[in-house]
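The report that follows goes through one protein model, from its strands and helices to contacts between side chains. Please keep the sequence and the coordinates at hand while reading.

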Amino acid sequence: MRIEINEAVQFLRSHDDYLILMHASPDGDTLGCGFALCGALQRMGKRARAVCPDQIPHRFDYMREGITEQEFEEKTIVAVDVADTKLLGDMKALGDKTSLCIDHHVSNTEYAEMLLLRENYAAAAELMYEVLLALGTDIDRTIANCLYTGIATDTGCFKFSNTKPQTHIYAAKLMECGADIAPINYAMFELKTQGRIKLEQEVLRNMKYFGDGHVAVISVMLDTLAKITDIDSDDVGAMAAIPRQIEGVDIGISIKEKKPGVFKASLRSSERIDVSVIAQQFGGGGHARASGCSFECSYEETEKRIVAACCEALKQAGII
């Protein structure tokens, strides 16, 4: 059932013992929303805990400031920036019990009992900002840092086409609340570990082109990751942006080996192609310019199927 902000606020005020779910391969938006909501609920005197199925990269540690580690039996499950329970990994069973989902993905499967959705928002953090204001939360520096991170990361530091006037307005308001934008922007968009540089060198060495150069594919294989010890999931996730940075490429594909025989394809596109439509063909989804899907087959078959779908989309668009 779809609801509005006032209904979500009423729900959050009338319940307790919150377990807040953030999606696997966590990004700044799901983490920013999760920790901002957790902090706000705790300050209201409620018990709340934000959890993620994957390890959270250390560069996001500042989001935990002011949050108390609480032990309790969860009674109310809320998911943030989670479009599908499949994105919860080993926590999928908890996702099936979700009471409230706060999200901005057009591909949301409406798995929660209640869904607060703004698919035209650049980041779920924009919606979370509105929710916390309606809750009467004091948005201090810590919460502002969380929400600003969500907005900045989902817009590529305001470079992506999903950036709207509201996006800048909300970011400015969070700056007024004390968001430390300089260190956050450096950590999110400039800082690279030595391991990430090594991984970039590996994936660039094996890049392939298809569709008259309009499709670029990189792969991140388990044997490659085994050779590079000083990286984390965030470094690996950053590889998805590389192919689309190349002149003439309309669709960038990053294929990551999750485990033997299981691969995740991350798609990034120009404004000429909606990759969410492509991802949905394989049971995935996401945004028009950034989506993903999974395959249980060989790498060769994965690459063949996703490239064929992308080339077909390019043909239909009259690009090739």
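## Sheet, helices and side-chain contacts

In this predicted model, six strands make up an open sheet of mixed pairing, and their order across the sheet is 6-7-8-9-11-10. The edges are taken by strand 6 (208–210) and strand 10 (285–286), each of which has a single partner strand, so one side of each is left without a neighbour in the sheet. Strand 6 is joined to strand 7 (residues 215–220) by three bridges, and the two run antiparallel; within this pairing, Lys208 has Val217 of strand 7 as its bridge partner.

Strand 9 holds Ser266, a residue that counts as buried at 14% relative accessibility. Leaving aside residues up to four places away in sequence, Ser266 touches Ala240, Gly252, Ile253, Ser254, Ser291 and Gly292.

Turning to the helices, helix 2 (residues 28–43) consists of 16 residues and spans 22 Å from its first C-alpha to its last, which is close to the 22 Å expected at 1.5 Å a residue. Helix 2 is also mostly covered, with 15 of its 16 residues buried. Just after helix 2 comes Gly45, which takes a positive phi of about 90°.

Leu204 belongs to helix 8 (residues 194–205) and is partly exposed, its relative accessible area being 44%. Although 15 residues separate Leu204 from Ser219 in sequence, the two are 9.0 Å apart in space, C-alpha to C-alpha.

### Aromatic rings

How many aromatic pairs does the model contain? With ring centres required to lie within 6.5 Å, the count comes to four aromatic pairs. One of them is formed by Tyr129 and Tyr170, a tilted pair with 4.9 Å centre to centre and 55° between the planes. Tyr129 lies in helix 4 (residues 124–135) and Tyr170 in helix 6 (residues 165–176), so this pair ties together parts that are 41 residues apart in sequence. Both partners have low values of accessible area by the cut-off of under 20% for buried residues: Tyr129 is buried with a relative accessible area of 6%, and Tyr170 is buried with 12%.

Phe263 and Tyr299 form an aromatic pair that is edge-to-face, with 5.8 Å centre to centre and 70° between the planes. Here the partners come from a strand and a helix, since Phe263 lies in strand 9 (residues 262–269) and Tyr299 in helix 12 (residues 299–316), so the pair ties together parts that are 36 residues apart in sequence. Phe263 and Tyr299 are both buried.

A ring is also involved in a contact with a charged group, as the charged end of Arg49 sits over the ring of Phe72 at 4.4 Å from its centre.

### Salt bridges

Side chains of opposite charge can pair when their charged atoms come close. With a cut-off of 4 Å between nitrogen and carboxyl oxygen, the count in this model comes to 19 salt bridges, and the table gives some of them.

| Acidic partner | Basic partner | N to O distance |
|---|---|---|
| Glu200 | Lys192 | 3.1 Å |
| Asp230 | Lys198 | 4.0 Å |
| Asp250 | Arg272 | 2.8 Å |

In the salt bridge between Glu200 and Lys192, Glu200 is buried, with a relative accessible area of 14%, whereas Lys192 is partly exposed at 38%.

The salt bridge of Asp230 and Lys198, at 4.0 Å, links a loop to a helix: Asp230 lies in the loop between helix 9 (222–227) and helix 10 (233–237) and Lys198 in helix 8, so the pair ties together parts that are 32 residues apart in sequence. Asp230 is partly exposed, with a relative accessible area of 33%, and Lys198 likewise counts as partly exposed at 39%.

For the salt bridge of Asp250 and Arg272, at 2.8 Å, both partners come from loops, Asp250 from the one between helix 10 and strand 8 (251–259) and Arg272 from the one between strand 9 and helix 11 (275–280), so the pair ties together parts that are 22 residues apart in sequence. Asp250 is buried, and its relative accessible area is 5%. Elsewhere, salt bridges that share partners join Asp16, Asp17, Arg47 and Lys75 into one network.

Note on methods:
Residues numbered from 1 in each chain as written. Predicted model: local features only at pLDDT ≥ 70, side-chain atom pairs only at ≥ 80, totals over all residues. Heavy atoms only, no water. Helix = DSSP H or I, 4+ residues; strand = E, 2+ residues; numbered from the N terminus. Expected span 1.5 Å × (residues − 1). Buried < 20%, exposed > 50% of the residue type's maximum accessible area, 1.4 Å probe, protein only. Phe/Tyr/Trp six-rings, centres within 6.5 Å; stacked < 30°, edge-to-face > 60°. Lys NZ or Arg CZ within 6 Å of the ring centre and 35° of its normal. Salt bridge = Lys/Arg side-chain N within 4 Å of Asp/Glu carboxyl O. Contact = heavy atoms within 4.5 Å. Pairing = 2+ DSSP bridges.
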